[in-house]
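User: Could you zoom in on one buried spot in this model and walk me through it? I'd like to see how it connects to whatever sits around it.

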Amino acid sequence: QLVIYYGEYRSLVLDDGTMASDAIGFWDYLDTYLRSMHLKAGHGGHTDSGEVGDFGYWLAVIDFIGFILGGFFVFFMLQTYPTCWKCSRYLRKITKTGQMFPDHGQFAKYYDTLFQHPVDSRPFADLMKGNPKVRKPALGTVLVGSDLLGCEHCKTQLLAQKVQILGKKGWKDIAKLTRNVRLPDGVDLRQVVTPG
Ligand SMILES: [Zn+2]
């Protein structure tokens, strides 16, 4: 945060063309800057508090806390993001596909048998590309979304599947059927996980 203030200080040019940094020291600048901030409230900010004075320091502290919380928030968001189990880099989405099943029975047959086949086998590819004819989703239609993620560094891939069922209130996640399957070294499913 100080670096940001300092950057503004170094680049500030006064009305007469002189650099602020030639005219005033950084700490004096910062003190003036913080004290002379204005608070605006109401619609379109038409209520002006005038210069905030000492309160400017508190505003800087509040800014700082926001800064830290924002950082933590991003950090924890990224914690849930899938990473490569070999080199710890974040995985990138390579391709994706969606498959719909008219009822739970046909879905279960697909879901339970898919990984009984080796991931680089023909039956596995056929199941991944198979698209049972569902013209219009109806109550009970099951949607499987498959994302193929890969590590740009070591080329390792992960197949992530998410299952949703169409209920009265729209598509509903079935969280317990979500699965992330690590693919063996050297397996490339880019030709198998294809849209449509
Ligand atoms: Zn990797």
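Analyst: **A close look at T156**

T156 counts as buried, at 5% relative accessibility (buried is under 20%, exposed over 50%, partly exposed in between; 1.4 Å probe, protein chains only). Bear in mind that this is a predicted model, with local features needing pLDDT of at least 70, side-chain atom pairs pLDDT 80 or more, and totals for chains, interfaces and linings using all residues. Numbering starts from 1 along each chain as its sequence is written, and side-chain values use heavy atoms, with hydrogens and water left out.

So where are we? T156 sits in the loop between β4 and β5 (helices, H or I, of at least four residues and strands, E, of at least two are DSSP runs, numbered from the N terminus). Leaving aside residues up to four places away in sequence, T156 touches W85, K86, L149, G150, C151, L183 and D185 (heavy atoms within 4.5 Å). With K86 there's also a side-chain to side-chain polar contact at 3.4 Å (N or O atoms within 3.5 Å, one able to donate a hydrogen, the other to accept it; sequence neighbours count only if both atoms are side-chain atoms).

One of those neighbours, C151, brings us to the metal: its SG is a donor to the zinc ion, along with the SG atoms of C84, C87 and C154, at 2.1 to 2.3 Å (donors are N, O or S within 2.8 Å, or 3.2 Å for Na, K and Ca; water isn't among the atoms, so sites may look incomplete). Angles between the four donor atoms run from 103 to 119°, which makes the site tetrahedral (all angles between 85 and 135 degrees). Along the chain, the donors are spaced C-x2-C-x63-C-x2-C. C87 is in the loop between α4 (55-79) and β3 (92-101), while C154 is in the one between β4 (142-150) and β5 (157-167), so this pair ties together parts 67 residues apart in sequence. Unlike buried T156, C154 is partly exposed, with 28% relative accessible area.

Follow β4 and β5 a bit further and you reach helix α5: its buried residues pack against both of these strands, as well as β3, α6 (122-129) and β7 (179-182). In α5 (residues 104-113), the buried set is F107, A108, Y110 and Y111. They share one side of α5, because they span an arc of only 165° around the axis (taken from the directions from the axis to the C-beta atoms). At the N-terminal end of α5, D103 acts as a cap, with a side-chain oxygen 3.0 Å from the backbone nitrogen of G105.

How values were computed: Four donors count as tetrahedral if all angles lie between 85 and 135 degrees; four count as square planar and six as octahedral if opposite donors are over 155 degrees apart and all others between 65 and 115; anything else is irregular.
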